[in-house]
Amino acid sequence: AKSGEITQAVRDANLHVGKIKKGAYIGLCNGDVRVVSANIIDAAIDLIRDMMEGHEEVITFYTGKGIESNTVDQLKERVSQLFSGIDIEIHKGGQPLYPFIFSIE
């Protein structure tokens, strides 16, 4: 299983993925910043694409404290469209600072 996290930048930074503005959504895999986006859904999709190898069967999302249900629904729909045949599980994690934590198996 691989794990990914989506969070927001707390300050401007310049990393190997490029410039990151405060408030941008960043996607991390194994602690490494892999994607940056102004949109939370795009950040999650880009990170999933980066992590996928082609044989995965399940993505399990843990939603963070304060994440809106329509955002969760939009993400689930996009993942279903882009990665057909993958099972999607969603659980309320309630974690602060990370709107989405997920595992791909």
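This is a short talk on the helices, salt bridges and a few single residues of the structure shown above.

Hi everyone, and thanks for coming. One thing before we start: this is a predicted model, so please keep that in mind throughout.

Let's begin with helix 1. Its 12 residues should span 16 Å at 1.5 Å a residue, and its end C-alpha atoms are 17 Å apart, which agrees. Which residues of helix 1 are buried? They are I40, I41, A43, A44, I45, L47, I48 and M51. The cover over these buried residues includes strand 1 (2-8), strand 4, strand 5, strand 6, helix 2 and strand 8.

Now to helix 2, which runs over residues 69-82. Helix 2 has 14 residues, and from its first C-alpha to its last it reaches 20 Å, close to the 20 Å expected. In helix 2 the buried residues are T71, V72, L75 and V79. Those residues cover an arc of only 100 degrees around the axis, which puts them on the same side of helix 2. As a reminder, an α-helix has 3.6 residues a turn, so residues three or four places apart point the same way. Turn helix 2 around, and on the other side you find S69, D73, E77 and Q81, which are exposed. And what covers the buried residues of helix 2? The cover includes helix 1 (40-51), strand 6 (58-63), strand 7 (87-92) and strand 8.

Let's move on to the strands, with a residue from each of two that cover these helices. T60 is found in strand 6, and at 4% relative accessibility it counts as buried, the cut-off being under 20%. Setting aside residues up to four places away in sequence, T60 touches E89, H91, I101, F102, S103 and E105. You will spot S103 in that list. S103 sits in strand 8, residues 100-104, and it also counts as buried, at 15% relative accessibility. Leaving out neighbours within four places in sequence, S103 is in contact with K2, S3, V58, I59 and T60.

Next comes a glycine. G27 is in strand 4, residues 25-29. Is G27 buried or exposed? G27 is buried, with a relative accessible area of 0%. Not counting residues up to four places away in sequence, G27 touches E5, I6, D32, V33, R34, V35 and L47. Remember that L47 is one of the buried residues of helix 1. For a sense of distance, the C-alpha atoms of G27 and E53 are separated by 17 Å, and these residues are 26 apart along the chain.

That brings us to charges. In general, side chains of opposite charge can pair when their charged atoms come close. How many salt bridges are there in this model? The count comes to 5, and I'd like to show you three.

One pairs the side chains of E53 and K2, at 3.8 Å from N to O. E53 lies in the loop between helix 1 and strand 6 while K2 is in strand 1, so the pair ties together parts that are 51 residues apart in sequence. E53 is exposed, with a relative accessible area of 59%, whereas K2 is partly exposed at 21%.

Another joins R34 and D50, whose closest N and O atoms are 2.5 Å apart. This pair links distant parts of the chain, with R34 in strand 5 and D50 in helix 1, 16 residues apart. R34 is partly exposed, at 34% relative accessible area, and D50 is partly exposed too, at 39%.

The next one stays within helix 1: R49 and D46 both lie there, 3 residues apart, about one turn of the helix. Salt bridges that share partners also join K2, E53 and E56 into one network. Back to R49 and D46: their side chains meet in a salt bridge at 3.7 Å, N to O. R49 is partly exposed, with a relative accessible area of 44%, and D46 counts as partly exposed at 29%.

Last stop, the surface. L15, V17 and V36 form a nonpolar patch there, with about 180 Å² of accessible area together. V36 belongs to strand 5, residues 32-37, and V36 is partly exposed, with a relative accessible area of 30%.

That's my tour. Thanks for listening, and I'm happy to go back to any part of the structure.

Technical notes. Residues numbered from 1 in each chain as written. Predicted model: local features only at pLDDT ≥ 70, side-chain atom pairs only at ≥ 80, totals over all residues. Heavy atoms only, no water. Helix = DSSP H or I, 4+ residues; strand = E, 2+ residues; numbered from the N terminus. Buried < 20%, exposed > 50% of the residue type's maximum accessible area, 1.4 Å probe, protein only. Contact = heavy atoms within 4.5 Å. Expected span 1.5 Å × (residues − 1). Arc of directions from axis to C-beta. Patch = residues over 30% accessible without salt bridge, like charges linked within 9 Å, V, L, I, M, F, W, Y side chains within 5 Å. Areas by Shrake-Rupley, 256 points an atom, 1.4 Å probe, with all protein chains shown as cover. Salt bridge = Lys/Arg side-chain N within 4 Å of Asp/Glu carboxyl O.
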